Structures are given as structure tokens and as C-alpha cells.
Amino acid sequence: MVDAEQTYFQPAISRLTLEMQRKFNVQKPLIFNTYQCYLRDAYDNVTVDMELARREGWCFGAKLVRGAYMAQERARAKEFGYEDPINPTYEATNVMYHRCLNYVLEELKHNAKAEVMVASHNEDTVQFTLRR
């Protein structure tokens with residue numbers, strides 16, 4: 001499970017993880033990418049990577065987390081004058097997490113070779129996952 005970092009490091013980490021998934025996730029998911037659902041673009045990242053796995057024929061593995069760098073990300077966005085990459089509220093992060101999880105769970109209905117790890121201490125998310 002390749003961990004996620006700040007947004008300014010993440011493209012390189014995701015690229016390396018994707019290349020490892022292409023190579024090693026042939027029979028089953030061995031390499032999992034981490035998706036930080038407190039980011040505004042989390043859903044886009046999950047859907048693009050899953051579609052790529054489908055098209056290229058490798059097994060999708062995802063670890064869904066909320067994220068850990070909120071203060072750093074917001075301060076950096078303000079300092080350098082770009083849009084804050086973090087969802088605006090706690091509730092918006094919940095919605096994003098559940099949206100990403102729903103998308104992956106729907107894929108699991110049709111693709112036994114995809115896997116997801118729900119990495120959350122959030123009681124609402126654990127309850128949501130169990131209901132699904």
C-alpha cells in the first residue's frame with residue numbers, strides 16, 4: 001500500500017504506483033494506490049485510474065483515506081496563490097469519501113479482481129461501509 005503525501009509530491013508518487021500496478025497487478029491487486037478523499041479531485045483520480053485499469057487489463061487496488069495535510073495544503077495554496085485543493089468542509093469530505101467508496105464498490109460487483117481498503121477511523125464512514 002503506497003501511501004499518499006502532499007499534493008505537490010503526489011503526482012510523482014501516483015505515477016510510480018501506477019507503473020508498479022501495471023507490472024505487478026496482473027492476477028490480483030498487490031499494489032494499492034492511496035486516494036486522499038479530503039482533496040477536491042479525489043473522485044476524478046479514482047475514476048480515471050480505475051478506467052485505466054479496465055482498459056489496460058490490470059487489477060485495480062485502492063486505499064481510501066481522508067487525508068493528513070489539511071493545514072499545510074491550505075497554507076501553501078494561500079502562500080502561492082492557487083486554489084485550495086481541500087474540500088471546503090468536513091461534510092464535503094464525507095460526501096467525497098462516500099462517493100469514491102460507492103464508485104469502487106460498484107466496480108467490485110462486476111470485477112472480482114479489484115479491491116479496496118477502507119482506511120478510516122470515522123464512525124460514519126465505517127457505518128456507511130457496513131451498510132453498503
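Here are a few exercises on this predicted model, each with a worked solution.

**Exercise 1.** Find out what the UniProt annotation covers and how much of that stretch is helix and strand.

*Solution.* Start with the record: the unreviewed UniProt entry gives "domain: Proline dehydrogenase" for residues 1-130. Next, look at the secondary structure over residues 1-130: the chain is 54% helix and 10% strand. Finally, check the two ends of that stretch, whose C-alpha atoms are 22 Å apart.

**Exercise 2.** Check whether the end-to-end distance of helix α4 agrees with its expected span.

*Solution.* Helix α4 runs over residues 90-110, so you have 21 residues to work with. The rule is 1.5 Å times one less than the number of residues, so the expected span is 30 Å. Now compare: the end C-alpha atoms of α4 are 31 Å apart, which agrees.

**Exercise 3.** Work out which residues of α4 are buried and what covers them.

*Solution.* Buried means under 20% relative accessible area. In α4 the residues that pass are Thr93, Asn94, Met96, Tyr97, His98, Cys100, Leu101, Val104, Leu105 and Glu107. Their cover includes α2 (42-56), β2 (61-65), β3 (115-118) and α5.

**Exercise 4.** Is Thr125 buried or exposed, and which residues does Thr125 touch?

*Solution.* First place the residue: Thr125 sits in helix α5, residues 123-131. Its relative accessibility is 0%, so Thr125 counts as buried. Then list the neighbours, skipping residues up to four places away in sequence: Arg66, Tyr97, His98, Val118 and Ser120. Two of these, Tyr97 and His98, are also on the list of buried residues in α4.

**Exercise 5.** Explain what the salt bridge between Asp3 and Lys63 ties together.

*Solution.* Begin with the distance: the Asp3 and Lys63 side chains meet at 3.7 Å, N to O, and the cut-off is 4 Å. Asp3 lies in the segment before α1 (10-24) and Lys63 in strand β2, so the pair links parts that are 60 residues apart in sequence. As for exposure, Asp3 is partly exposed at 43%, while Lys63 counts as buried at 13%.

**Exercise 6.** Take the salt bridge between Glu106 and Lys109 and say how the two residues are placed in their helix.

*Solution.* The closest N and O atoms of Glu106 and Lys109 are 3.1 Å apart. Both residues belong to α4 and are three residues apart, so about one helical turn separates them. Glu106 is partly exposed at 32%, and Lys109 is exposed at 57%. Elsewhere, salt bridges with shared partners join Arg15, Glu19, Arg22 and Glu56 into one network.

Technical notes:
Residues are numbered from 1 along each chain as its sequence is written. This is a predicted model: local features need pLDDT of at least 70, side-chain atom pairs count only at pLDDT 80 or more; totals for chains, interfaces and linings use all residues. Side-chain values use heavy atoms; hydrogens and water are left out. UniProt positions are given in the numbering used here, feature names are shortened, and annotations may be inferred rather than shown by experiment. Helices (H or I, at least four residues) and strands (E, at least two) are DSSP runs, numbered from the N terminus. Buried means under 20% relative accessible area, exposed over 50%, partly exposed in between (1.4 Å probe, protein chains only). Contact means heavy atoms within 4.5 Å.
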